[in-house]
Amino acid sequence: MSTALPRLDWNDIDDRAVDTARALAMDAVQKVGNGHPGTAMSLAPAAYLLFQKVMRHNPADPQWTGRDRFVLSCGHSSLTQYIQLYLGGWGLELDDLKALRTWGSKTPGHPEYSHTAGVETTTGPLGQGVANAVGMAMAARYERGLLDPDAAPGDSAFDHQIYCIASDGDIEEGISGEASSIAGHQQLGNLTLIYDDNKISIEDDTDVAFTEDVAARYRAYGWHVQEVDWAGSDRDGSAYVEDVPALYAAIRAARKETTRPSFIVLRTIIAWPAPNAQDTGKSHGSALGDDEIAATKKVMGMDPALTFDVADDVIAHTREAVTRGQQEQAAWQLQFDAWADKNRAGRALYERLRTRTLPEGWDDDLPQFPADEKGVATRKASGQVINAIAAKVPEMWGGSADLAESNNTTIDGADSFIPVEHSTDMWKGNPYGRVLHFGIREHAMGAIMNGIASHGGTRVFGGTFLTFSDYMRPAVRLAAIMKLPVTYVWTHDSIGLGEDGPTHQPIEHLAALRAIPNLDVVRPADGNETAAAWQTILGHQDRPAGLCLTRQNVPTFPRGSDADTGEHWADAAGVAKGGYVLVDAEGGLPDVVLIGTGSEVQLAVQARALLAADGIRARVVSMPCVEWFMQEDSSYRQTVIPPTVKARVSVEAGIAQGWREFVGDYGRIVSIEHYGASADYQRIYNEFGITAEAVAQAARDSISAAEA
């Protein structure tokens with residue numbers, strides 16, 4: 001199947017369709033009273049060109065595997081995409097455009113993943129879409145490597161293109177620079193980014209804040225850069241020519257460039273051809289008003305008295321995209337079937353990727369860790385688990401933000417996902433490798449993983465220190481909004497990292513991350529909980545998860561009956577429920593419940609022994625994931641934390657926020673309400689009162705309060 005673009009077929013009805021798109025953008029914003037008409041107007045020719053003449057897709061089957069992907073990074077200009085989805089027959093109709101930005105509509109203020117057919121990712125926060133597109137381009141290459149690595153370039157059923165439109169605001173945001181740097185390094189020839197250089201943002205002319213040579217920057221990143229200037233040297237519109245053939249020629253050249261991502265600088269005038277609103281900040285984010293809309297429609301030869309007016313021949317012409325798409329998909333299906341007939345194993349893997357189904361027995365050989373007081377750091381245990389899973393799950397891939405040895409995120413023996421020429425003494429490059437190197441770019445890492453997850457069925461993970469989750473929080477939040485199954489490996493999860501000091505010691509981070517809806521924050525207590533946590537996380541397809549792991553060794557708890565003491569320790573399978581009774585009180589209902597997470601569970605266990613010496617019966621609850629625990633029904637939660645036991649203590653090396661709900665009015669919280677210090681971790685825990693003795697004393701205080 002040829003990937004070359006044909007000669008441009010563009011006629012008068014295409015011009016009228018573009019003007020119709022401009023009119024619809026003005027009318028939709030005017031009707032709702034708010035929105036962003038200007039960019040949708042000036043980008044109408046470019047968006048129409050992509051959707052009607054360039055991209056391979058089928059509006060009747062928006063999830064067709066062989067489709068090209070489109071990302072509107074400037075999500076505020078959602079009408080740029082919605083109108084093309086309407087014109088092309090993706091399921092939107094005029095009533096949907098009339099319902100722009102209103103309750104329950106298919107046309108929310110920013111495009112939303114899985115909400116509107118044809119929308120590939122949620123964009124809004126600027127720059128995220130650029131990074132998502134980079135992730136999609138990386139995923140496309142990795143998936144091709146899994147399924148059809150030996151096909152000649154352009155000859156595989158799994159070859160397709162990623163297109164992205166970005167605005168000045170996207171290019172200003174640092175995340176786009178991080179991601180674009182990675183894209184150039186990765187030589188992503190399947191990615192084309194069109195930069196709408198209209199020099200207008202909310203504060204009007206971008207000269208107040210943004211005067212760099214963007215094209216030169218992208219050349220320095222290693223991109224193939226072209227410039228298409230519709231505006232000329234003047235900004236008054238006198239020399240403005242929407243040279244669609246020139247843009248098409250640039251896109252064709254980008255398609256031929258297979259070893260570099262392509263960057264097309266498209267110089268436009270915002271809100272063209274509105275006589276008075278063009279090239280103004282007002283047109284960026286405000287309705288144009290009835291008079292300006294009428295004047296603009298006159299310029300375009302349209303009846304100013306009509307709103308949401310679409311000529312029958314125009315919509316009939318644009319809806320031919322459905323027939324073309326069906327034909328393209330049918331041709332692709334023949335190619336796919338020929339591949340599948342020769343690749344039974346590949347076909348089975350393809351079906352698993354399509355449905356995000358893990359292989360049979362994928363978790364049969366997860367490592368088991370014997371009871372050991374010295375134990376193992378959970379980051380190290382996680383590394384062993386990753387490798388055990390990766391041996392059976394080829395779609396699992398990942399890496400870290402330049403912290404591979406600290407995060408333990410390397411799949412042993414696997415090649416790195418980099419061009420061969422970027423190989424080093426330590427890392428062997430392979431375009432289809434599965435070890436990711438994000439560099440020190442945490443924010444881009446998060447958004448790239450979102451692009452990978454939204455592109456297809458691979459399971460991606462990325463690591464950094466927990467304190468640096470702050471750098472990636474916007475991307476984490478978007479993963480939660482989109483319910484994408486990405487996994488964050490956040491190590492060095494407390495003051496237990498020791499000597500690096502307060503800048504690297506997370507204090508408020510666990511509470512802040514738990515505040516994000518749909519995000520599972522998982523803090524396992526030992527190696528076996530870490531294995532169970534990975535097992536549970538990969539069993540979910542509808543949410544992201546963050547594994548918060550220790551730098552320091554933590555004891556590996558006994559499981560089953562302890563041969564020395566006869567005590568019964570619960571199986572780590574309880575991790576899947578978020579919280580469980582690790583070891584219970586002896587001799588009946590506990591006097592106090594001790595709740596710990598992560599490295600502090602050992603303090604609860606030690607405090608239990610201290611209390612037992614005083615005749616106080618204590619139950620130890622390990623709660624690796626608050627979110628999973630709260631999803632259990634109340635009857636289970638009450639078996640773990642009995643409502644009749646009012647004396648309770650929580651212990652976690654972070655702020656107290658969130659734990660009052662579990663310990664109640666009579667409970668006590670052992671926490672840290674200030675930043676850390678630089679010293680060995682044992683000294684820091686002692687100095688800050690995060691000790692077994694402090695937990696035991698808090699238990700006594702709670703019992704007294706409950707009895708008062």
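The legends below describe close-up views of a predicted model of one protein chain.

**Figure 1. Overall dimensions and secondary structure of the predicted chain.** The protein chain holds 27 helices and 24 strands. Its C-alpha trace spans about 90 × 60 × 45 Å along the principal axes. The radius of gyration is 28 Å, which agrees with the value near 27 Å for a compact globule of 708 residues.

**Figure 2. The open parallel sheet β1-β2-β3-β7-β6.** Parallel pairing holds 5 strands together in an open sheet, in the order β1-β2-β3-β7-β6. Strands β1 (69-72) and β6 (224-229) stand at the edges with a single partner strand each, so one side of each has no neighbour in the sheet. From one strand to the next, the twist averages 15°.

**Figure 3. Pairing of β3 with β7, and helix α9 across the sheet strands.** Strand β3 (residues 191-197) and strand β7 (residues 262-267) run parallel and are joined by 6 bridges. Arginine 267 in β7 is the residue that aspartate 197 stands opposite. Helix α9 (residues 214-221) lies across β3, β6 and β7. The angle between helix α9 and β6 is about 160°.

**Figure 4. The cis peptide bond before proline 273.** Tryptophan 272 and proline 273 are joined by a cis peptide bond, with omega about 5°. The loop between β7 and α11 (282-285) contains proline 273. Strand β7, which ends at residue 267, is also the partner of β3 shown in Figure 3.

**Figure 5. The largest cavity and its lining.** By the rule applied here, the model has 4 cavities of 30 Å³ or more. The volume of the largest cavity is about 60 Å³. Its lining consists of Phe51, Met55, His57, Arg67, Asp68, Arg69, Phe70, Trp90, Gly118 and Glu120. By class, these lining residues are 4 nonpolar, 2 polar and 4 charged. Two of the lining residues, Arg69 and Phe70, fall within the range of edge strand β1 (69-72).

**Figure 6. The second largest cavity and arginine 101.** About 40 Å³ of space lies in the second largest cavity. Gly35, His36, His76, Ser78, Leu79, Leu100, Arg101 and Gly109 line this cavity. The lining divides into 2 nonpolar, 5 polar and 1 charged residues. Arginine 101, one of the lining residues, is found in the loop between α5 (94-98) and α6 (128-147). Phi of arginine 101 is near 65°, a positive value in a residue other than glycine.

**Figure 7. Surroundings of glutamine 631 in helix α23.** Glutamine 631 belongs to helix α23 (residues 626-631). With neighbours within four places in sequence left aside, glutamine 631 is in contact with Asp520 and Arg543. The C-alpha atom of glutamine 631 is separated by 8.0 Å from that of lysine 577, and the two residues are 54 residues apart along the chain.

Notes
Residues numbered from 1 in each chain as written. Predicted model: local features only at pLDDT ≥ 70, side-chain atom pairs only at ≥ 80, totals over all residues. Heavy atoms only, no water. 1 Å grid on protein atoms, 1.4 Å probe; cavity = no way out; pocket = protein on both sides within 12 Å on 5 of 7 lines; lining within 4 Å. Points joined across faces, edges and corners; volume = space filled by probe spheres on them. Nonpolar A, V, L, I, M, F, W, Y, C, P; charged D, E, K, R; others polar. Pairing = 2+ DSSP bridges. Helix = DSSP H or I, 4+ residues; strand = E, 2+ residues; numbered from the N terminus. Axes fitted to C-alpha atoms, helices over the stretch in contact; angles between N-to-C directions. Contact = heavy atoms within 4.5 Å. Rg over C-alpha atoms; globule rule 2.2 N^0.38 Å.
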